[in-house]
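Reader: I have just opened this entry and would enjoy a close look at one part of it, taken slowly. Please keep the answer connected, so that I can follow it around the structure as I read.

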Amino acid sequence: MSLHDDAVLVLKAYQDQPELRDAYLEHLAAHPDGLWKACGAGHVTASALVVDPERGRVLLTLHRKLRMWLQMGGHCEPGDATLAAAALREATEESGVTGLTLLAGGPVRLDRHPIPPPCHCHFDVQYAALAAPDAVHAVSDESLDVRWFLYDEVPSVADDSVVRLLHATRARLGT
């Protein structure tokens with residue numbers, strides 16, 4: 001199965017945010033290259049909010065280019081077999097944390113947002129990744145910083161998309 005086929009299956013199975021989900025599916029139907037950075041009409045990205053539920057905290061990255069605190073994530077690569085694998089790879093690369101596992105149940109949220117040209121937007125498929133309480137993180141080349149924030153601190157440092165992702169993650173975790 002191709003990454004494109006996996007993305008379509010994942011999105012068809014996703015029951016929340018039906019209008020946005022349908023926009024993602026329409027994008028992939030209209031753009032066979034819609035998973036790749038080269039697609040000027042926009043492309044699907046995969047991200048993961050790294051969560052330590054035992055300590056009630058999340059690991060965010062201070063994105064080097066955007067200078068915003070965000071979840072880990074980015075572009076799909078040819079070696080990614082699935083969207084989930086892309087999200088886990090990105091979370092591991094950008095956080096430096098080994099042994100992450102994705103929260104069961106597939107994507108937690110979808111978030112479409114504009115980006116600077118030459119592309120127009122990211123169709124982000126957002127997962128949550130569980131980290132051990134003793135997880136050791138590191139700053140990657142894509143980040144200015146990587147830091148743990150308590151759940152209650154996130155709204156004061158991150159934008160609304162990260163806050164919505166945190167709320168959806170906590171709902172799935174039952175916390």
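Reader: Let me start with the cysteines: to how many disulfides does the count come? After that, please take me to strand β7 and show me which strands pair with β7.

Author: Happy to, with one thing to keep in mind from the start: this is a predicted model. The disulfide count comes to zero, taking a disulfide as a pair of cysteine sulfur atoms within 2.5 Å. C76 is in no disulfide, and its nearest cysteine sulfur, that of C39, lies 12 Å away. That distance is over the 2.5 Å cut-off, so the two sulfurs do not count as a pair. Both residues are nevertheless inside: C39 has a relative accessible area of 3% and C76 one of 6%, so each falls under the 20% limit for buried. Both cysteines will turn up again below, as contacts of other residues.

Now to β7. This strand covers residues 121-130. Nine of its ten residues are buried, so the rest of the structure largely encloses β7.

Its strand partners are a good place to begin. β1, residues 43-52, is one of them, and it pairs with β7 in the parallel sense over nine bridges. To find this pairing on your screen, look for L49, which stands opposite A128 of β7. β6, residues 109-114, runs antiparallel to β7, and six bridges join the two. Here R109 stands opposite Q126. β6 and β7 also make a hairpin, with six residues between them. The short strand β5, residues 101-102, pairs with β7 as well, in the antiparallel sense and over two bridges. There T101 stands opposite L130.

While you are at β6, pause at D111, which is found in that strand. With a relative accessible area of 10%, D111 is under the 20% limit and so is buried. Its contacts include H122, F123, D124 and Q126, and the residues of β7 are 121-130. D111 also touches L20 and Y24, together with S161 and R164. L20 and Y24 are buried residues of helix α2, which is where we go next.

Helix α2 runs over residues 18-30. For its 13 residues, 1.5 Å a residue gives an expected span of 18 Å, and the end C-alpha atoms are indeed 18 Å apart, so the two agree. Its buried residues are L20, R21, A23, Y24, L25, H27 and L28. They pack against β7, and also against α1 (3-13), β1 and β6. A general point helps when you read that list: an α-helix has 3.6 residues a turn, so residues three or four places apart point the same way.

H27 shows this packing from inside α2. Its relative accessible area is 6%, so H27 is buried. Beyond its sequence neighbours, H27 touches F123, as well as G34, C39, A41, G42 and H43. F123 is also among the contacts of D111, so you can reach this phenylalanine from the helix and from β6 alike. Just ahead of the helix, in the loop between α1 and α2, sits Q17. Q17 is not a glycine, yet its phi is positive, near 50°.

From here, step into the nonpolar interior. The largest nonpolar core has 34 residues, and L35, V50, L83 and V125 have the most contacts inside it. β7 is one of the elements that each supply at least two residues of this core, along with α1, α2, β1, α3 (83-95) and β8 (143-150). L83 makes a handy landmark, since its contacts include V125 and Y127. L83 also touches L3, D6, A7 and V10, and further contacts are L35, V44, A46 and C76. Apart from this core lies another, of 18 residues, among them L62, V108, F149 and L166.

Finally, a word from the record. The unreviewed UniProt entry carries the annotation "domain: Nudix hydrolase" over residues 41-171. Over that stretch the chain is 22% helix and 37% strand, with its end C-alpha atoms 33 Å apart. So when you return to β7, picture a strand with nine of its ten residues buried, paired in parallel with β1 and in the antiparallel sense with β5 and β6.

Terms used. Residues are numbered from 1 along each chain as its sequence is written. This is a predicted model: local features need pLDDT of at least 70, side-chain atom pairs count only at pLDDT 80 or more; totals for chains, interfaces and linings use all residues. Side-chain values use heavy atoms; hydrogens and water are left out. Helices (H or I, at least four residues) and strands (E, at least two) are DSSP runs, numbered from the N terminus. The expected span of a helix is 1.5 Å times one less than its number of residues. Buried means under 20% relative accessible area, exposed over 50%, partly exposed in between (1.4 Å probe, protein chains only). Contact means heavy atoms within 4.5 Å. Two strands pair if DSSP finds at least two bridges between them. A nonpolar core is a set of buried Ala, Val, Leu, Ile, Met, Phe, Trp, Tyr and Cys residues joined through side-chain atoms within 4.5 Å. UniProt positions are given in the numbering used here, feature names are shortened, and annotations may be inferred rather than shown by experiment.
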